[in-house]
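This report goes through one protein chain, from a single helix residue to the overall fold. The sequence and the model are shown below.

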Amino acid sequence: MRKMITVNRKANHEYFLTDRYEAGLVLQGTEIKSIRKGSVQLKDAYISFINQEAFIKEMHIPPYDYGNRFNHDETRIRKLLLHRDEIKKLQEKVKLKGFTVVPVSLYLDKGKAKLEIALAKGKNLHDKRESEKARDAHREIQKALKNQFS
């Protein structure tokens, strides 16, 4: 059973998302309690690779309200748990021009925090406008169908 914590809507707007992966997170202290509370932000977060390991940077997990002086740093660098071959595959694609790896969503799966990451290629301004037009057209069609059958 999955409990969705947060979704990075900006990623879907700014990038074409292709390959998706599920990664575990290495957390410290009260971070999991703050995640369960649901106040995590992925808006400015990004994935980087250092020495054949994947890390997420700028993911904001606020301090736990009932924590003590050993509360965690809000935007510390957190290690991602991926298979070695997945990391190699992602690193090879990132070396290509225009590709990056972005966090898409954070959820709890059987009590463990999981991060969905995706290989992404940046959109141009006209691509963003085109996506908006398609979304608006789809919304209008759904609205018309709903009014027709009700």
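## A surface patch on helix α4

F149 belongs to helix α4, which covers residues 125–149. The model is a predicted one. The relative accessible area of F149 is 68%, so this residue is exposed. Together with I141 and L145, F149 makes up a nonpolar patch on the surface. The accessible area of these three residues together is about 330 Å².

In soluble globular proteins, nonpolar side chains tend to be buried together. The patch of I141, L145 and F149 lies on the surface instead.

## Strand β5 and its partners

Strand β5 spans residues 78–81, and its side chains alternate between two faces. R78 and L80 point to one face and are buried, whereas K79 and L81 point to the other face and are not buried.

Two strands pair with β5. Strand β2 (residues 15–25) runs antiparallel to β5, with 2 bridges between them. Strand β4 (residues 53–57) is also antiparallel to β5, and here there are 3 bridges. L80 takes part in both pairings: L80 is the bridge partner of L25, and L80 is the bridge partner of A54.

## Nonpolar cores

Which residues touch the most other members of the largest nonpolar core? They are I56, L80, L115 and I117, in a core of 24 residues. Two or more residues of this core come from each of β2, β4, α3 (84–95), β6 (99–109) and β7 (112–122). Strand β7 supplies the largest share, 4 residues.

A second core, separate from this one, has 6 residues, among them A11, L17, V102 and A120.

The surroundings of I56 can be listed in detail. Neighbours within four places in sequence aside, I56 contacts L25, L42, A45, Y46, I47, R76, I77, R78, L80, P103 and L115. L80 and L115 in this list are also among the residues that touch the most other members of the largest core.

## Two residues in strands: S48 and T18

S48 is part of strand β3, residues 46–50. Its relative accessibility is 14%, and because the limit for a buried residue is under 20%, S48 counts as buried. Outside its neighbours within four places in sequence, S48 makes contact with E53, A54, F55 and K57. S48 and E31 are 17 residues apart along the chain, and their C-alpha atoms are separated by 21 Å.

T18 lies in strand β2. With a relative accessibility of 43%, T18 counts as partly exposed. The C-alpha atoms of T18 and E74 are separated by 29 Å, and the two residues are 56 apart along the chain.

## Positive phi in two loops

Most residues other than glycine have a negative phi. E58 and K110 are set out here against that background. E58 has a phi near 65°, a positive value in a residue that is not glycine. E58 sits in the loop between β4 and β5. The relative accessible area of E58 is 41%, so E58 is partly exposed.

K110 is not a glycine either, and its phi is positive, at about 55°. The loop that holds K110 is the one between β6 and β7. Is K110 buried or exposed? K110 has a relative accessible area of 72%, and therefore K110 is exposed.

## The chain as a whole

The chain contains 4 helices and 7 strands. Read from the N terminus, the order of elements is β-α-β-α-β-β-β-α-β-β-α. Along the principal axes, the C-alpha atoms fill a box of roughly 55 × 40 × 25 Å.

The chain has 150 residues, and 35% of them count as buried. About 10100 Å² of the chain is exposed, and carbon and sulfur atoms supply 49% of this area. Of the contacts between residues at least 6 apart in sequence, 67% join residues at least 24 apart.

Terms used:
Residues numbered from 1 in each chain as written. Predicted model: local features only at pLDDT ≥ 70, side-chain atom pairs only at ≥ 80, totals over all residues. Heavy atoms only, no water. Patch = residues over 30% accessible without salt bridge, like charges linked within 9 Å, V, L, I, M, F, W, Y side chains within 5 Å. Areas by Shrake-Rupley, 256 points an atom, 1.4 Å probe, with all protein chains shown as cover. Salt bridge = Lys/Arg side-chain N within 4 Å of Asp/Glu carboxyl O. Buried < 20%, exposed > 50% of the residue type's maximum accessible area, 1.4 Å probe, protein only. Pairing = 2+ DSSP bridges. Core = buried A, V, L, I, M, F, W, Y, C linked by side-chain atoms within 4.5 Å. Contact = heavy atoms within 4.5 Å.
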